[in-house]
Amino acid sequence: MRGFTVADKTSAYDREDDEVDDETAVENEAAEVAADPEAADSALDDVDADDADDADDADDADSAGRPAGKPKSKRLFKSAKKAVKAESPALFSPISLRGVTARNRVWLPPMDTYSAVARAGKPTPFHYQHYVSRAMGGFGLVCFEATAVAPEGRISPCDLGLWDDDQIAAFQWIVDGVKEAGAVAAIQLNHAGRKGSTGCFSAGYEGGSVPQDDGGWQTVAPSPIAFDNLAAPRELTVDEIHGIVDAFRAAAVRAVNAGFDVIEIHAAHGYLLSEFLDPLTNVRTDEYGGSLENRMRMLVEVVDAVRGAVAPAVPVFVRISATDWAAGGWDLNQTIATARVLKEHGVDLVDVSTGGILPGVAIPVKPNYQVPFSEQVRVKALVPTTAVGLITKPKQADRIVRRGEADAVQIGRAALRDPYWPLRAADKLGLKPSEAPYQPQYIRGAY
Ligand SMILES: Cc1cc2nc3c(=O)[nH]c(=O)nc-3n(C[C@H](O)[C@H](O)[C@H](O)COP(=O)(O)O)c2cc1C
């Protein structure tokens, strides 16, 4: 299958190299910032020059009533270029993993919306609109946000949860909507560890811990080391670790019962499983600390539990931070070694992110800044990967896939401002409306 082989780097991508476009300027922009990968940090946002193009495009309408888009001269020039390119963009080629096929390689990453307000982890009509509109927008896979496997595994009191059978039905109708709109429905299962019980826009206490007498809880971690200004966690006992592994298993079964096609285990961004991986947050002296084998033990146990609980046709993904960007901490070599083990244990794709484990580290944020990590994991662990992080432009995304740097790309914050990002991208890449992931109801509004 094309998606699982390293792409021929001299083929389609190189034929596009003579195209100078407005992406280059943005790709060259670098900023040194300390970033929390799960915070909507405006310092990470860039200017989407394609959006400006699109505003210009929307002025006229042709005789069929469709927006005429670009001025005629530019259109003729573009169509000539398209004829030379001939083949369909790789970004919009399908990809199969186990029994699941995504219609394209533009995916929505998990993004916590902190919106299960006073709902004990149950999603709401907001979540329906949020996820189904992105499925209608053409994403091949829509991953639901970090969803807690236990109440004390929530990042904030307003996180989604699947720790009780009673929560399943509230997910089901949304999953049905996502699938009816043609996307694969995935869910990210999480335990927040020492970064739990935090505030958010909907619960207050933003940037700090929610007190236990106001809806917060005692957090837990591999070792009693606090994250920045957050309340100190309590060290987990081995029995408690086994209990959390069981909670992941039970939540995965509930997710499948809710209709999800794919389970993603959150082992990134400084939440519990990545706290175990990193020697700077895990100073245990038992079988869950010390050597790399010991530090990855809990993650591997979670993978085994989830893999064993869901049908063979259900893909299992793991999101991992490929580095904590700190000397003496978690790094790419440990990530690759772990990815090899995860693959042996039945993980189908590694979703490669970085950071979030330690406070106060400098992250060299710029477009594509995490893509080389995805490529290294893909090539060295021989496992399918996704790339994420400041991928905002259609050609930029297409190149990543064509170059074999990832099997799919994820569009995060750009999809918060444009749920229809894939439909716009399909047009930019030269697909005909009939080849783009339009809902039949919307085809008359095609670009
Ligand atoms: C509002 C928001 C919430 C996020 N929540 C999660 C989450 O629940 N799980 C996760 O793994 N990453 C989370 N992230 C990180 C994103 O999945 C993604 O990796 C990050 O935004 C970088 O991609 P982008 O530059 O395309 O936005 C979140 C990011 C944002 C902006």
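# A tour from strand E16 outward

Select strand E16, residues 385-388. Both of its faces are covered: Thr385 and Ala387 are buried on one side, Thr386 and Val388 on the other. Buried means that 20 or more other C-beta atoms lie within 10 Å of the residue's own; 12 or fewer makes it exposed, anything in between partly exposed, with C-beta atoms placed from the backbone. In a regular strand the side chains alternate between the two faces of the sheet. Strands (E, at least two residues) and helices (H or I, at least four) are DSSP runs, numbered from the N terminus.

Before moving on, note that this is a predicted model: local features need pLDDT of at least 70 and side-chain atom pairs count only at pLDDT 80 or more, while totals for chains, interfaces and linings use all residues. Residue numbers start from 1 along each chain as its sequence is written.

**The neighbours of E16**

Add strand E14, residues 349-353. E14 and E16 run parallel, joined by three bridges. Two strands pair if DSSP finds at least two bridges between them. Look for Val352, which stands opposite Ala387. Now add strand E17, residues 408-410. E17 also pairs with E16 in the parallel sense, over three bridges. Here Ala408 is the bridge partner of Thr386.

Next, select helix H13, residues 394-402. With E16 and E17, H13 makes a right-handed β-α-β unit. Right-handed means that, with the strands pointing away from the viewer, the path from the first strand over the helix to the second runs clockwise. Is H13 enclosed or open? Eight of its nine residues are buried, so H13 is largely enclosed by the rest of the structure. Among the buried ones are Gln396, Asp398, Arg399 and Arg402. Just after H13, stop at Gly404, where phi is positive, about 75°.

**The ligand**

Show the ligand and the 23 residues around it. A residue counts as near if its C-beta atom, placed from the backbone, lies within 6 Å of the molecule. Pro109, Asp112, Ala146, Gly412 and Arg413 come nearest. Strand E5 (141-148) and helix H14 (413-417) are the elements that give two or more residues to this shell. The shell divides into 12 nonpolar, six polar and five charged residues. Ala, Val, Leu, Ile, Met, Phe, Trp, Tyr, Cys and Pro count as nonpolar, Asp, Glu, Lys and Arg as charged, and the others, Gly among them, as polar.

**The core**

Which residues have the most contacts inside the largest nonpolar core? They are Leu141, Val142, Phe248 and Ile263, in a core of 119 residues. Such a core is a set of buried Ala, Val, Leu, Ile, Met, Phe, Trp, Tyr and Cys residues joined through C-beta atoms within 7 Å. Helix H7 (residues 238-257) gives the most to this core, with eight residues.

**Three loop stops**

Go to Ala313, in the loop between helix H10 (297-309) and strand E13 (316-321). Ala313 counts as exposed because it has 10 C-beta neighbours inside 10 Å. Gly99 is 214 residues away in sequence, yet 4.4 Å away in space, C-alpha to C-alpha.

Select Arg98, in the loop between strands E2 (95-97) and E3 (100-102). Its phi is positive, about 45°, although Arg98 is not a glycine. With 16 C-beta neighbours inside 10 Å, Arg98 counts as partly exposed.

Finish at Trp325, in the loop between E13 and helix H11 (332-344). Phi of Trp325 is near 60°, another positive value in a residue other than glycine. Trp325 is buried, with 20 other C-beta atoms within 10 Å.
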